[in-house]
Protein chains: 4
Amino acid sequence: MICFNCDYNEGCHPAVLEALARTNMEQTAGYGEDPHCGHAAELIRQACDAPKADVHFLVGGTQVNMVMIAAALRPHQSPVCADSGHINVHETGAVEASGHKVISVPGVDGKISAEQVRQVWRDHYESGTEEHMAQPKLVYISQPTEFGTLYSKKELEALRSVCDECGFYLYADGARLGYGLAAKENDVTLPDLARNCDAFYIGGTKVGALFGEALVIVNDELKTDFRYVEKQRGAMLAKGRILGVQFETLFTGGLYEKMGRHAVELALRIRDACAEKGWSFIMDSPTNQQFPIVPNRVLAKLGEKYAYSPWMKLSDQETAVRFCTSWATTEENVNALIEDIKNA
Amino acid sequence: MICFNCDYNEGCHPAVLEALARTNMEQTAGYGEDPHCGHAAELIRQACDAPKADVHFLVGGTQVNMVMIAAALRPHQSPVCADSGHINVHETGAVEASGHKVISVPGVDGKISAEQVRQVWRDHYESGTEEHMAQPKLVYISQPTEFGTLYSKKELEALRSVCDECGFYLYADGARLGYGLAAKENDVTLPDLARNCDAFYIGGTKVGALFGEALVIVNDELKTDFRYVEKQRGAMLAKGRILGVQFETLFTGGLYEKMGRHAVELALRIRDACAEKGWSFIMDSPTNQQFPIVPNRVLAKLGEKYAYSPWMKLSDQETAVRFCTSWATTEENVNALIEDIKNA
Amino acid sequence: MICFNCDYNEGCHPAVLEALARTNMEQTAGYGEDPHCGHAAELIRQACDAPKADVHFLVGGTQVNMVMIAAALRPHQSPVCADSGHINVHETGAVEASGHKVISVPGVDGKISAEQVRQVWRDHYESGTEEHMAQPKLVYISQPTEFGTLYSKKELEALRSVCDECGFYLYADGARLGYGLAAKENDVTLPDLARNCDAFYIGGTKVGALFGEALVIVNDELKTDFRYVEKQRGAMLAKGRILGVQFETLFTGGLYEKMGRHAVELALRIRDACAEKGWSFIMDSPTNQQFPIVPNRVLAKLGEKYAYSPWMKLSDQETAVRFCTSWATTEENVNALIEDIKNA
Amino acid sequence: MICFNCDYNEGCHPAVLEALARTNMEQTAGYGEDPHCGHAAELIRQACDAPKADVHFLVGGTQVNMVMIAAALRPHQSPVCADSGHINVHETGAVEASGHKVISVPGVDGKISAEQVRQVWRDHYESGTEEHMAQPKLVYISQPTEFGTLYSKKELEALRSVCDECGFYLYADGARLGYGLAAKENDVTLPDLARNCDAFYIGGTKVGALFGEALVIVNDELKTDFRYVEKQRGAMLAKGRILGVQFETLFTGGLYEKMGRHAVELALRIRDACAEKGWSFIMDSPTNQQFPIVPNRVLAKLGEKYAYSPWMKLSDQETAVRFCTSWATTEENVNALIEDIKNA
């Protein structure tokens, strides 16, 4: 079985493994206070053009979201997101487990607009019953979104602007950020994220690391005592240097960018093959996730050889599915899939 | 600087790294539902003689404690532990962050006795004000304790017995379990733990893994929906197989035991050197942590070359310190330390 | 200003005040363990034909919902409700503050249907990603709803039936239950609620008490240690007898029913006056809340003399508003309002 | 049976009941936004000489503590108190249910000293493992304490001073404040509390009200959005004016002080009778709670006629008990008790 069902089927980029092996017997301090974490943080600050940002390395995406939101909000405050937002759908209520109601609005292509944010503010502050409702305080976006789409720089700046008006924080979940940065349509750089967000994270788990996410906190208000909240949520890795070593590797020699481009190129080849076949898409994604609508009888056949994610049953004839590529996807496997799509 | 300050200064046993490299490009399912996790779980069930136990792999010790306790208790219920218990002292209130008050009693050598547990029951149920107090429900022990000491089989069975009387769960934190199993004085085996505890974990982070702990849930009552709570706390690793591969390695060919013995032997050599020097100990530890009382002028000298943990200032003349060994400690470094102690 | 804006503008029914005065200097035990609470509970068990139910008296509606849901659910479980449900909209995230995500579905007339509940079950258990999503476990309904509408006995029984299929609890918020029981269209009695719900509460705050709600727990699973969770949430009244005395009074001599009928009769007179005027309604309510659509120029005039709740701006010409009656509403005030509507 | 077991055996002072009756049919806004709450808050600000303080009325003591502490702290922060502190012992883990570990130190006469607070600061900030431990942030005291003792003005000012040094908030639980203010030894006035505490509450439940506590927030940092947190914890009374009316009454014409003096005078008469009998006391209390050590055979006899609180079994011969007086205690009952003590 060849897997296109998700972007974490394999271990990690060989260079990461080599770096772990090379540094394995070094003796370092624990809990992220070692030279590798320090160096990796510095590389990330440089890549983001954010010399004063705090950088923390955590193990997984749900964990970063959970800790950052718990650290940012008071008990009665809420993150606001598109209804498809990962925190709203696929984190088993991790944000609520910290006591915060997630306020969701209907997303368009997985995105929330500045106007929707403004409306959330109005719905709350013009209700006359503010104190009876959870208070919106932080806007959560994913870049790319859960549907592979991207916020443009203009959209991002509009969100920043409305957050400033409303007194909201802006936080971006970058689980697949590497695949967003590599998209041709993308005009949002790491420095753009750092300029516009109060905090965001750069995903490693899905982009070449064994595991790990790099949280970049730009706004000073969100920096205080972050490590306490991290530890309190079981999120501080004892041998933190394992995260440091991985991100050092990803942010040296352009590896993170290269892996992103690799995955996106292969994803677009799959996209093109589907399009040529005449299949349409539920979402126009320029990144590593593609969502074609496939005839069920073709799917049955493809499913014998390839793993994919069923996404939505559309009719008795057709199903929307997701094909994912990643840093680990081989040309060979993509060629095979494309060939089989052609001949389907 | 040669580090004896803790047991997680290095990465992992080379065999673990090799296994990660060997399996790196395999494509597997995520979230612990891969063959490596399945195999590792089976190896652990066999080692524990607990064919029906559930085994879950989590990333760190605070995380396991937090998730297991949250999964086991209702909102008004409490774990009970010695005052030196890790959950009471060094987890930044992670248990409380899930809503549960930790009830602590004065430990003796880091241990809680069956009689103390019975007294906690009485203090609650004979108070006449039960509903006004958090309800004790789970006894938390560490094997070995935070002070390197061990529960004997008799003590463990007495705890089991009192927990049965009181309707309490018994849970053991085995962060350093490998170093306990390897101690000469130890008479508590993995099957003994499985027979007497409702749940316990086998520590990997401090015993040869890059990171990771294997939670063994024996009591059926504690099994239901554990993975939901795990995910909700950000504790479900996307590429779970990284944990599976590590524990497969540790539990193949007796590696876990070998590493334990290695560390304990070296620790006892340090102990003997201290004793020969005439230094006494704040705790009589048969495991990998040793707590000698060292003259300050000697410490100053040793500190130039060796990292240790200051434990307790006893006077202007003397300080109790901790020396730790681990799977990674070299004979060479221990020889050097012993020599320097002799000549101090 | 004459108030029709809500149903808690006044203190309490004079009989309640007399009972408080009559019993004021009695010496009783605290925390609800006095004879008045015992007697009131017995009266309620009789009225509900539920001889084995537990009855607890709490201070307010948000509080009852918060405590009951916290006591019923494990950390990863969720209540399911219509999007207009009080717990979803107007409790400042109290359910989430206990760690539980509220799952909402689009309500029709403020109600959730059995089919929607079944779909929530399917969306969860047929997703293939159960553990990544909060687990639905309890269905929350309001009787009457936040819009004054009522579940029929048939609808209630269908909900019970689907809850049995799905393994869900059924819980009814009866903040305005007295006004539901009194509606001509109503065919759901207190014994029907007790037969079909696992728990429900009978509202006092809005129906003649100074404050207070009577929670009826029918399902044995939900009874254990309820008082612990109540105390833990600051919800156990020291002088619990004040609640007991009030509910003794409400459930003696049919006072609760009489007050209900009084309010509903007056509400229907207002409804009829609006209808005669040609105004339509956003909701067809048979209870004490009426939601006419009123021309803005008329509202401006009425607003000089009467307080009402603005509900929804419909256009530049019209606004939907809420008029509430209660046990305390006087015929005189209703006559005045009707007269002014006629002449508007 | 004549009750001396606690100070909430009766309803409320007749003047309170009269005020409730007098205002019963007024129509007011809900949720504490009515003129009575406004007026009561103003009376309290005047009594405290704190013109800028926020005053909130809540229903009970556990509730006020729970809401105030949740509103004041970030997730990883802790209140610090004497081990006998009400939040540490008798609130079923309400503070922990909001996620905060309570840090307790051994109290002397139920009190925590400035030096102990400083030591808590040192234990945390000089540990080298700050982030691994819950962070102390708020000092909780009770005035009078759970043992009836009082902080002197000097002790209070020392606590203020150490809190300023350490960056801690100081919060006083005044459940029985009326009985403290009335003690001859007392030199801490309401303005002293307002000058030295960041927040404190004036107890009504035990001092003449049906129920209710007046929270005074002096520090601006603690004011923001308090009502949100109050609502979120189910603590905002719908008919808030019931609390306003009660506190208006208590703070008009010196009623609160009169009731305090009444209870304390009668308590001291009981104290003197015990002392004359040759009984000693476990605590030297100048307030309404007295803790004599009574021979068991006498207790058996007294227990036939009087309810008291057993406090601590001291031997087979003697038991420490608590006798409470309150605003409602009659001279007649006290005379009877004294006579029976004399003749015991």
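**Entry 1: chains B and D**

I began with the pair B and D, and I found that 17 residues of chain B are in contact with 17 residues of chain D. I keep in mind that this is a predicted model. When I sorted the side of chain B that touches chain D by class, I counted five nonpolar, nine polar and three charged residues.

Next I asked myself what turn and what shift along the axis lay chain B on chain D. I noted a turn of 180° and a shift of 0.0 Å along the axis, and with these chain B can be laid on chain D with an RMSD of 0.0 Å. The two copies are therefore related as by a two-fold rotation axis. I also looked up which surface each copy uses, and I wrote down that the same surface serves both, since 100% of the contact residues of chain B recur in chain D.

**Entry 2: chains B and A**

I then turned to the contact between chain B and chain A, which takes 39 residues from chain B and 40 residues from chain A. Which elements give two or more residues to the side of chain B that touches chain A? I listed helix H1 (14–22), helix H3 (61–72), helix H5 (94–97) and helix H10 (226–232) of chain B. By class, I recorded 20 nonpolar, 15 polar and four charged residues on the side of chain B that touches chain A.

For the superposition, I noted that chain B is placed on chain A by a rotation of 180° with 0.0 Å of shift along its axis, at an RMSD of 0.0 Å. Here, too, I found that the same surface serves both copies, as 100% of the contact residues of chain B recur in chain A.

**Entry 3: the domains of chain A**

Last, I looked inside a single chain, and I noted that chain A is divided into domain 1, made of 2–7 + 255–342, and domain 2, which covers 14–250. Taken over C-alpha atoms, the centres of domain 1 of chain A and domain 2 of chain A are separated by 27 Å. I recorded that the contact takes 18 residues from domain 1 of chain A and 21 residues from domain 2 of chain A.

Which helix gives the most to the side of domain 1 of chain A that touches domain 2 of chain A? I found that this is helix H12 (residues 255–276) of chain A, with eight residues. By class, I counted nine nonpolar, six polar and three charged residues on the side of domain 1 of chain A that touches domain 2 of chain A.

Conventions:
Residues are numbered from 1 along each chain as its sequence is written. Chains are lettered from A and ligands numbered from 1 in the order in which they are written. This is a predicted model: local features need pLDDT of at least 70, side-chain atom pairs count only at pLDDT 80 or more; totals for chains, interfaces and linings use all residues. Two residues are in contact if their C-beta atoms, placed from the backbone, lie within 7 Å. Ala, Val, Leu, Ile, Met, Phe, Trp, Tyr, Cys and Pro count as nonpolar, Asp, Glu, Lys and Arg as charged, and the others, Gly among them, as polar. Domain bounds come from an automatic or database domain assignment. Helices (H or I, at least four residues) and strands (E, at least two) are DSSP runs, numbered from the N terminus. Copies are superposed by least squares on the C-alpha atoms of residues with pLDDT of at least 70 in both.
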